[in-house]
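Here's a quick tour for anyone meeting this structure for the first time. Have a look at the sequence and the fold, then read on.

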Amino acid sequence: MHYHPNIVGAVIALGVLASISSTIYWMLHPPTTASERAATATERDVDEIIGSVIIVFSKEIHSEHMLSLAVRLARRERAELMAAYIIEVPLTLPLDAEMTVEHREALGVLQVAESIGRKNNVEIKTDISVARNVADGVLELAKRKDAHLIVVGSYREGKYAGAPMARSIEVIAAKANCDVLIGIQGNKGKILPPPVIAKKRGESARPVEPAPE
C-alpha cells in the first residue's frame, strides 16, 4: 500500500506539532513540588477555617497588643471579629452579682477595641460575659458563637513577670474546639508592640489606636 507524500508529510507535521505543544505546556505548567502542594492545601484550609474570630480580655488576660493583628486578620480574611471581656465572679458571690468596677473596666476595653476596628474599616462586635473562671467563660462563648479562632494575649499572674502563661490559657488551648492563637510579647519584638499609653492615677491603661493601613 502506498501513501500519498502529502498525507505522510501532514501526519509527520501533526506529530511534531503535538510534541512541541506538549513540551511548551510542560514548561509552562511544571509538576508542583510537595512543598508547593502543601502550601496550596494550607491556604485552602485557612480560607475554610477563618470564619469568626474572638479576641479575649479579662482582668489578667491582656490582649491589647493582639488587637491590631486580629483586625488585620479579620479584614484580610473577611472574617467576623468579636472582642470579648470575661468577668470572673468569685465563689463568695452569686453568679449574677453586680460587679460595677469590673463591668466599667470591661466597657472601657471594648470601646477601645471598637474604635480601633472603625479606624481600620472592620466592624468589631463586643461581648461581656461572667463566669466562675476565665477559661470556662471563653470556652462557653466560643462554643456559643461557633468561633473558628480564639486570640489570647499575654497573661501575667501576680507580680511574677517571668510567667506569661497560666492555667487559664493552658485550659483554653487544650479544650477549645477551634484553633487558639496565643500572643506573648518578647522583650525586643516588633510584631506585637505594646499599644498602651501612660495611665493616670486610678485609671486603667489603654491601648494606642493604630493608624489605618
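Which residues in α5 meet which residues in α6? On the α5 side they are V134, A135, V138 and L139, and their partners in α6 are S168, V171, I172 and K175. Keep in mind that this is a predicted model. With that said, let's start with the overall layout and work inwards.

**The chain at a glance**

- You're looking at a chain with 6 helices and 7 strands.
- Going along the sequence, the order of elements is α-α-β-β-α-β-α-β-α-β-β-α-β.
- The chain has 213 residues, and 33% of them are buried.
- Take the contacts with a separation of 6 or more: 73% of these link residues 24 or more positions apart.

**The nonpolar cores**

- The largest nonpolar core is made of 26 residues, and I55, F57, L81, A83 and Y85 are the ones with the most contacts inside it.
- Two or more residues of this core come from each of these elements: strand β1 (52–58), helix α3 (64–77), strand β3 (80–88), helix α4 (100–119) and strand β5 (149–152).
- Another core, of 21 residues, lies apart from that one, and its members include V138, L139, A147 and A176.
- V138 and L139 may ring a bell: they belong to this other core, and they're also among the α5 residues that meet α6.

**A closer look at I55**

- What does I55 touch, once its neighbours within four places in sequence are left aside? Its contacts are S63, M66, L67, A70, L81, M82, A83, A84 and V151.
- Two of those partners, L81 and A83, are listed alongside I55 among the residues with the most contacts inside the largest core.

**How α5 and α6 pack**

- Helix α5 covers residues 134–144 and helix α6 covers residues 167–175; their axes come within 8 Å and cross at roughly 30 degrees.
- Angles under 35 degrees count as roughly parallel, so α5 is roughly parallel to α6.
- The crossing of this pair is right-handed.
- Sorted by class, the contact of α5 with α6 has 6 nonpolar residues, 1 polar and 1 charged.

**How α3 and α4 pack**

- Here the axes of α3 and α4 are 10 Å apart, and the packing angle is about 30 degrees.
- That angle makes α3 roughly parallel to α4.
- Where α3 passes α4, the crossing is right-handed.
- Helix α3 brings E64, L67 and V71 to the contact, while helix α4 brings V109, A113, I116 and G117.
- In this contact of α3 with α4 there are 5 nonpolar residues, 1 polar and 1 charged.
- L67 is worth finding on screen: this α3 residue takes part in the contact with α4 and is also in contact with I55.

**Two loop residues with positive phi**

- R78 isn't a glycine, yet its phi is positive, at about 55 degrees.
- You'll find R78 in the loop between α3 and β3.
- Is R78 buried or exposed? Its relative accessibility is 80%, so R78 counts as exposed.
- N121 is another residue other than glycine with a positive phi, near 60 degrees.
- N121 sits in the loop between α4 and β4 (124–131).
- With a relative accessible area of 72%, N121 is exposed.

Notes:
Residues are numbered from 1 along each chain as its sequence is written. This is a predicted model: local features need pLDDT of at least 70, side-chain atom pairs count only at pLDDT 80 or more; totals for chains, interfaces and linings use all residues. Side-chain values use heavy atoms; hydrogens and water are left out. A nonpolar core is a set of buried Ala, Val, Leu, Ile, Met, Phe, Trp, Tyr and Cys residues joined through side-chain atoms within 4.5 Å. Buried means under 20% relative accessible area, exposed over 50%, partly exposed in between (1.4 Å probe, protein chains only). Helices (H or I, at least four residues) and strands (E, at least two) are DSSP runs, numbered from the N terminus. Contact means heavy atoms within 4.5 Å. Axes are lines fitted to C-alpha atoms, for helices over the stretch in contact, and angles run from 0 to 180 degrees between N-to-C directions. Angles under 35 degrees count as roughly parallel, over 145 as roughly antiparallel, 65 to 115 as roughly perpendicular and the rest as oblique. A crossing is left-handed if the near helix is turned anticlockwise from the far one by less than a right angle, and right-handed if clockwise. Ala, Val, Leu, Ile, Met, Phe, Trp, Tyr, Cys and Pro count as nonpolar, Asp, Glu, Lys and Arg as charged, and the others, Gly among them, as polar.
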